[in-house]
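This report introduces selected features of a protein model to a reader who has not seen it before.

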Amino acid sequence: MGRYVVQRLGQMVPVVIGTTFLIYALVWALPGDPFAAKCGDRPCPQSYVERMSAAYNLDDPLPVQYVKYMGKLLTGDFGQTFSGVSVAGELLQRYPTTLKLTLLAIAVELVIGVAAGVLAGIRRGGFLDNLVLVSTLVLVSVPVFVIGLLAQVTFGVRLGWFPVTFDGTFFSLILPAVVLGSLSLAFVARLTRANLVENLRSDYVRTAIAKGLPRQRVVGVHTLRNSLIPVVTFVGADFGGLLGGAVVIEGIFNIPGVGDMIFRGINAHEGGTVTAAVTVLVLVFLIVNLLVDLLYAVLDPRIRHA
C-alpha cells in the first residue's frame, strides 16, 4: 500500500507541471494588452509598463517566465494581482466557499443519484424505473446554466424558498449545489441502476437468496456494495469537473469563490493569478482521486494495491 501511494504521488508531479504550464501559457497568450485598462481611459505611462513587465517577468521567454513563477510558488510566494492584492489571501478567502459548494454538490449527487438508481434497479421495467430514466435524460440534455437560471427564477424569485444570490450563509449554497450536481446526479443514477441490475443477475446473489438471506440484505449489503465501485470511480473523476463547473454556477448565483477569481483573472490577463488558483484545484483533484483509489479496497476486499 505504501509503495503504491508513493508511486501515485510521483505521478502527480508531471501532471501538475504540465497542467500549470499549459494554463500559464494560454492566459498570457490571450490577445490584447494586459495593462490596457489599468490606467483608466489614458494609455499607461511607459515607466508603469516597464515596472509591471519586470515584476511579472514579461520580457523573458515564456518558459523562463514559467520557471521563475513556479520557483516562487514552490516557496509559498503566490504573488500579487495587478491591483496589488495578495493571491494567497484571495485563495484563502475564496477557496472554502468553492470547496463547500463542490462537496455539497457531491453529497447531492450521491444521496439522490444512488437512491434513484437503486429504486430503478430493483424495480426494473416499472414506473419508477421509467421515471428515473426519463428524468435523468432531461437533466443530461439541458445545459447546466439553463438549469441554474430556471432554478433561480422558480425557487428563488417565484416561490422564495431559497436566496437568489449568495449571502454568505450555508443555506444559500444549497440551490447552487443542487444545480451544480444535477448533471452528475443523472449519471450516478444511471450508473448505479445499470450496475445493480447486472449484479442482481450474478451467481453470488442467487446463492445468497437460495440460502435464505432476506432480499433487502442481499441488495443493500452485498449487491449495492459491489455496484458502488464504478460510482465511486465516477465521483472521484467528477470532482475536478465540479470544481471547474463552479465557474458558471458562481457567476449565476454571484458566489465569490475560486471560479469567480479564475474568471476575473482570465479577463484581466493575470497569468500568475489564474495559474495559482488552478494549481490548488489540480492538487486537490489529484489527492481526491488517490483517496478514491484507496477506497476501492474498502468496498471490495479482493482489490489490493501493490
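The following paragraphs treat two buried polar residues and one pair of packed helices.

The model is predicted, so to speak of its local features a pLDDT of at least 70 is needed, side-chain atom pairs count only at pLDDT 80 or more, and totals for chains, interfaces and linings use all residues. Residues are numbered from 1 along each chain as its sequence is written, and side-chain values use heavy atoms, without hydrogens and water.The table lists the two buried residues (buried: under 20% relative accessible area, exposed: over 50%, partly exposed in between, with a 1.4 Å probe and protein chains only). Helices are DSSP runs of H or I with at least four residues, numbered from the N terminus.

| Residue | Helix | Relative accessibility |
|---|---|---|
| Thr136 | α5 (residues 127–141) | 3% |
| Gln152 | α6 (residues 144–158) | 11% |

The side chains of Thr136 and Arg190 are joined by a polar contact of 3.0 Å. Such a contact is a pair of N or O atoms within 3.5 Å; within protein, one must be able to donate a hydrogen and the other to accept it, and residues adjacent in sequence count only if both atoms are side-chain atoms. Leaving aside residues up to four places away in sequence, Thr136 touches Ala186, Ala189 and Arg190, where contact means heavy atoms within 4.5 Å. For Gln152, a polar atom of the side chain lies 2.9 Å from the backbone oxygen of Val164.

Helix α4 (residues 87–122) packs against helix α8 (residues 182–200) at about 40 degrees, with the axes 7 Å apart. Axes are lines fitted to C-alpha atoms over the stretch in contact, and angles run from 0 to 180 degrees between N-to-C directions. Among the residues that make the contact are Ile112 of α4 and Ala189 of α8.
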